[in-house]
Amino acid sequence: MVNVKNITKTYGDQAVVHDVSADIERGAITTFIGPNGAGKSTLMSMISRLIKRDSGEVLIDNEDVTNAQSRELAKQIAILKQSNHMNVRLTVKELVSFGRFPYSQGRLTAKDREHVNEAMSYMELDEMQHKFLDQLSGGQRQRAFIAMVIAQDTDYILLDEPLNNLDMKHSVQIMKVLRQLVDDFGKTVVLVIHDINFASCYSDYIVAMKDGEVYKKGTKDDIIDRGVLRDIYELDMTIEHINQQKICVYF
């Protein structure tokens, strides 16, 4: 389990994340939703230790991430941020192989190659594994980065806007793969996504954020509620409309 306890991050006079606490259950998909500027991505970065928190604690399986060795932490948590830029020219297979670095330190074993090949198959990248990343569409590159995260084979997978640049088909593919990783392999997946329909279809738990704070957290049925969503997004919407848009379950 991941326990987030009273964490805060301030830039200048603005608290981007303020006194946030949340428990992320093992073996489930927990999705953070909320408007732009709610603090979701900053929170994810603090959980994974990519940025330093000003106060509070983040515990993974009762261990403070502050005390973890980087290589060992990378065997527990894989994270994909919203923006990923590579300054070197890599093929898809080379990129996915980076996911094995915490284990192989660059010297791939047969087991490492097996994880790489399985991850590429999950993301339907076999036919383009030898293509360079700059030859791919934005959606294909995103799938390659997600395959790299899958190849890392961690208990916890944190994805910040993983559906960016993806069409409906590949968005559904990725959400189904994440659901499979949870249901079949016991992984714990934490997402930041804006699409409420995907959140409602595939999540077990949802944490709704607004203005740097947790507005409400609970099961997806607790959060996918007209009043809750209206207050978070400051829009008048109906659950009937949301239900009509749940097309992801039919793919």
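Which residue of strand 2 is the bridge partner of N3? That partner is D23, and the pair offers a friendly way into the fold. The model described here is predicted, so local features are reported only at pLDDT of at least 70 and side-chain atom pairs only at pLDDT 80 or more, while totals for chains, interfaces and linings use all residues. Residues are numbered from 1 along each chain as its sequence is written, and side-chain values use heavy atoms, with hydrogens and water left out.

N3 and D23 belong to an open sheet of 4 strands in the order 2-1-4-5, with antiparallel pairing. Helices (H or I, at least four residues) and strands (E, at least two) are DSSP runs, numbered from the N terminus, and two strands pair if DSSP finds at least two bridges between them. Strand 1 (residues 2-11) is joined to strand 2 in the antiparallel sense by 7 bridges. Strand 2 (14-24) and strand 5 (63-64) have a single partner strand each, so one side of each is left without a neighbour in the sheet. Helix 1 (residues 40-47) packs on this sheet and touches strand 1, strand 2 and strand 4 (55-60), where contact means heavy atoms within 4.5 Å. The direction of helix 1 makes about 120 degrees with that of strand 1; axes are lines fitted to C-alpha atoms, for helices over the stretch in contact, and angles run from 0 to 180 degrees between N-to-C directions.

A second open sheet has 6 strands in the order 6-7-8-3-9-10, and its pairing is mixed. At its edges are strand 6 (77-80) and strand 10 (213-219), each pairing on one side only. Within this sheet, strand 3 (residues 29-33) and strand 8 (residues 188-192) pair in the parallel sense over 4 bridges, and T31 stands opposite L191 in strand 8. Helix 6 packs on the sheet by touching strand 6 and strand 7 (156-160), its direction making about 170 degrees with that of strand 6. Helix 7 (residues 168-185) lies across strand 3, strand 7 and strand 8, at about 150 degrees to strand 8.

Helix 6 (residues 138-151) also meets helix 5 (residues 110-122): their axes come within 8 Å and cross at roughly 140 degrees. The contact involves H115, V116, A119, M120 and Y122 of helix 5, together with A147, I150 and A151 of helix 6. These residues divide into 7 nonpolar, 1 polar and no charged (Ala, Val, Leu, Ile, Met, Phe, Trp, Tyr, Cys and Pro count as nonpolar, Asp, Glu, Lys and Arg as charged, and the others, Gly among them, as polar).
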